[in-house]
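Subject: Structure handover

Hello,

I am passing a structure on to you. Please open it first, then read the notes underneath.

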Amino acid sequence: MKTDESTQAVTVFLQNLPGTVSKLKNRLQRDYEQAYPNLGDLVRIVLDEEEAKAWELSFPHLFLPDLMEAHIVQLGLQPVAARHENVLAPTGFNEIENYQPVLALCG
């Protein structure tokens, strides 16, 4: 049944979400600590604050990079060019090797 499949997909998503956010947070921490090696403690504090805010929103993994960037800018620092790739999609998921336009009739 579609309902069972949908429920199962949501359950799997919710089970994987904390790990996904953790991986994203580690990547952001690494990127910002490389950009600002003398500010490691500040980076960790800002990340912790913004992670808490992100969890209050519906999809924390989508908002955390932007919240972190906005906070860094408020501190007068430049945001890093972090890789904002989709951590939920497999590598190469968005790549189309042989793109050809297709016409479709709707009616």
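Below is what I found, from the whole chain down to one residue.

Please keep in mind that this is a predicted model.

Overall layout

The protein has three helices and zero strands. Read along the sequence, the pattern is α-α-α. Of the 107 residues, 26% are buried. The exposed surface comes to about 8200 Å². Carbon and sulfur atoms supply 55% of that area. I also looked at contacts between residues at least 6 apart in sequence. Among these, 59% join residues at least 24 apart.

The core

In soluble globular proteins, nonpolar side chains tend to be buried together. Here, the largest nonpolar core has 14 residues. Those with the most contacts inside it are Leu28, Tyr32, Val43, Leu47, Leu64 and Met68. Helix H1 (2-35), H2 and H3 each supply at least two residues of this core. The largest share, five residues, comes from H1.

Helix H3

H3 covers residues 60-74, which is 15 residues. At 1.5 Å a residue, a helix of this length should span 21 Å. The end C-alpha atoms of H3 are 20 Å apart, so the model agrees with that expectation.

Which residues of H3 are buried? They are Pro60, His61, Leu64, Pro65, Met68, His71 and Ile72. Seen down the axis of H3, these buried residues fall within an arc of 135°, so they line one face of the helix. A general point helps here: an α-helix has 3.6 residues a turn, so residues three or four places apart point the same way.

After H3 comes Gly76. Its phi is positive, near 85°.

Glu50

One residue deserves a separate look. Glu50 lies in helix H2, residues 40-55. Is Glu50 buried or exposed? Its relative accessibility is 2%, so Glu50 counts as buried. The cut-off for buried is under 20%.

What does Glu50 touch, leaving aside residues up to four places away in sequence? The list is Leu64, Leu67, Met68 and His71. Two of the names on it, Leu64 and Met68, also appear among the core residues with the most contacts. His71 does something further: its side chain joins that of Glu50 through a polar contact of 2.5 Å. His71 is also one of the buried residues of H3.

To find this spot in the viewer, start from Glu50 in H2 and look for the side chain of His71.

Best wishes

Terms used
Residues are numbered from 1 along each chain as its sequence is written. This is a predicted model: local features need pLDDT of at least 70, side-chain atom pairs count only at pLDDT 80 or more; totals for chains, interfaces and linings use all residues. Side-chain values use heavy atoms; hydrogens and water are left out. Helices (H or I, at least four residues) and strands (E, at least two) are DSSP runs, numbered from the N terminus. Buried means under 20% relative accessible area, exposed over 50%, partly exposed in between (1.4 Å probe, protein chains only). A polar contact is a pair of N or O atoms within 3.5 Å; within protein, one must be able to donate a hydrogen and the other to accept it, and residues adjacent in sequence count only if both atoms are side-chain atoms. Contact means heavy atoms within 4.5 Å. The expected span of a helix is 1.5 Å times one less than its number of residues. The arc is that of the directions from the helix axis to the C-beta atoms. A nonpolar core is a set of buried Ala, Val, Leu, Ile, Met, Phe, Trp, Tyr and Cys residues joined through side-chain atoms within 4.5 Å. Accessible areas come from the Shrake-Rupley method with a 1.4 Å probe; for residues, only the protein chains shown count as cover.
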